[in-house]
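Hi everyone, thanks for making time for this. I'd like to walk you through a structure that is probably new to you, so have a look at it first and then we'll go piece by piece.

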Amino acid sequence: MIISLIVAIAKNGVIGKSSGEMSWHVSEEFRHFKNTTKGFPVIMGRKTFETLGKPLKDRLNIVLTKNPDYKTQFEEVLIFSSLEEAIKFCKEKKCEKVFIIGGAEIYKLALPIADEMIISIMKFEAEGDVFFPEFNEADWTKEKLMDKELFEVYLYKRN
Ligand SMILES: NC(=O)c1ccc[n+]([C@@H]2O[C@H](COP(=O)([O-])OP(=O)(O)OC[C@H]3O[C@@H](n4cnc5c(N)ncnc54)[C@H](OP(=O)(O)O)[C@@H]3O)[C@@H](O)[C@H]2O)c1
């Protein structure tokens with residue numbers, strides 16, 4: 001099973017705001033995210049899930065929280081208390097791929113185990129106080145997948 005991390009990062013490293021507000025709205029980038037992740041399980045932190053407000057359609061939504069009493073009104077959403085458990089579940093389900101969709105805390109947990117990263121680099125700086133964690137470019141081979149007006153998409157494969 002491929003563990004794929006997907007993120008959009010502004011030129012200044014920002015990925016969002018801790019208030020939960022989005023730092024930008026670029027529908028073409030969101031479309032790329034939707035098309036790429038459609039049909040696969042997506043794993044996210046509790047804060048990102050609450051920012052979304054509802055599960056993403058056509059994907060198994062898995063939410064990570066350390067709170068054993070955490071509940072959501074959406075019955076189809078699976079809750080796990082660790083990334084390892086969530087990954088194990090997807091492996092047992094024989095999923096071909098799983099996407100780690102953020103936020104910063106969950107990206108940090110997943111960086112050491114991700115096989116690939118699909119990174120949109122936005123062509124602008126954004127306001128925000130949540131940043132993508134640092135990683136060593138030398139550990140990855142980078143390939144440009146797309147060049148759009150407001151963003152570029154790169155595939156990073158672990159060496
Ligand atoms: N630009 C992008 O591509 C992108 C993508 C996704 C998100 N974002 C942005 O990222 C921001 C949210 O990121 P964030 O770092 O603040 O929060 P987050 O990673 O979405 O969620 C953090 C929460 O995940 C749970 N968690 C963390 N470590 C865990 C562990 N080891 N085991 C189980 N659960 C764990 C905890 O939930 P509990 O507190 O319930 O225990 C923690 O509060 C938002 O601004 C969002 O818009 C941007």
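Let me begin with one helix, α1, and with the side of it that faces away from its buried residues: there you find Ser27, Arg31 and Asn35, which are exposed. Before I go on, please keep in mind that this is a predicted model.

So which residues of α1 are buried? The helix covers residues 27-37, and the buried ones are His32, Phe33 and Thr37. Looking down the axis of α1, these buried residues sit within an arc of 110 degrees, so they line one face of the helix. There's a general point behind that: an α-helix has 3.6 residues a turn, so residues three or four places apart point the same way.

And what do the buried residues of α1 pack against? They pack against a set of strands, namely β1, β3, β6, β7 and β10. Right after α1 comes Gly39, and the phi of Gly39 is positive, near 90 degrees.

Okay, let's zoom out. The protein chain has 4 helices and 10 strands. Reading from the N terminus, the order is β-β-α-β-α-β-β-α-β-α-β-β-β-β. The radius of gyration is 15 Å, close to the 15 Å that the globule rule gives for 159 residues, so the chain is as compact as a globular protein of that length. If you put a box around the C-alpha atoms along the principal axes, that box is roughly 40 × 35 × 25 Å.

Two more overall numbers for you. Of the 159 residues, 30% count as buried. And if you take the contacts with a separation of 6 or more, 67% of them are between residues 24 or more positions apart.

Now the strands that α1 packs against. β1 and β6 pair in the parallel sense, over 4 bridges, and here Ser4 has Phe99 in β6 as its bridge partner. β3 also pairs with β6 in the parallel sense, this time over 2 bridges. Who stands opposite Val42 in β6? That's Phe99. So Phe99 turns up in both places: as the bridge partner of Ser4, and opposite Val42.

Then there's the antiparallel part, further along the chain. β7, residues 116-122, pairs with β10, residues 151-158, in the antiparallel sense over 7 bridges. One pair to look for there is Met122 with its bridge partner Phe151 in β10. β10 also runs antiparallel to β9, residues 140-147, and 7 bridges join those two. Lys144 has Tyr154 in β10 as its bridge partner. How many residues make up the hairpin connection from β9 to β10? It takes 3 residues.

On to the ligand. Which residues come nearest to it? Of the 28 residues around the ligand, those are Gly16, Gly45, Thr48, Gly102 and Gly103. The elements that give two or more residues to this shell are β1, β2, β3, α2 and α4. By class, the shell has 12 nonpolar, 11 polar and 5 charged residues.

Stay with two of those glycines for a second. The peptide bond from Gly102 to Gly103 is cis, with omega near 0 degrees. Gly103 has its place in the loop between β6 and α4.

There are a couple of other backbone details to point out. Asp58 isn't a glycine, yet it has a positive phi of about 60 degrees. You'll find Asp58 in the loop between α2 and β4. Is Asp58 buried or exposed? It has 10 C-beta neighbours inside 10 Å, so Asp58 counts as exposed. Lys94 is another non-glycine with a positive phi of about 60 degrees, and Lys94 lies in the loop between α3 and β6. With 7 C-beta neighbours inside 10 Å, Lys94 counts as exposed too.

Last stop: Leu78, in strand β5, residues 78-80. Leu78 has 18 C-beta neighbours inside 10 Å, so it counts as partly exposed. Leaving aside neighbours within four places in sequence, Leu78 is in contact with Leu60 and Ile62. Leu60 is 18 residues away from Leu78 in sequence, and their C-alpha atoms are 7.9 Å apart in space.

That's my tour, thanks for listening!

Terms used. Residues are numbered from 1 along each chain as its sequence is written. This is a predicted model: local features need pLDDT of at least 70, side-chain atom pairs count only at pLDDT 80 or more; totals for chains, interfaces and linings use all residues. Two strands pair if DSSP finds at least two bridges between them. A residue is near a molecule or strand if its C-beta atom, placed from the backbone, lies within 6 Å of it. Ala, Val, Leu, Ile, Met, Phe, Trp, Tyr, Cys and Pro count as nonpolar, Asp, Glu, Lys and Arg as charged, and the others, Gly among them, as polar. A residue is buried if 20 or more other C-beta atoms lie within 10 Å of its own, exposed if 12 or fewer, and partly exposed in between; C-beta atoms are placed from the backbone. The arc is that of the directions from the helix axis to the C-beta atoms. Two residues are in contact if their C-beta atoms, placed from the backbone, lie within 7 Å. The radius of gyration is taken over C-alpha atoms; the globule rule is 2.2 Å times the number of residues to the power 0.38.
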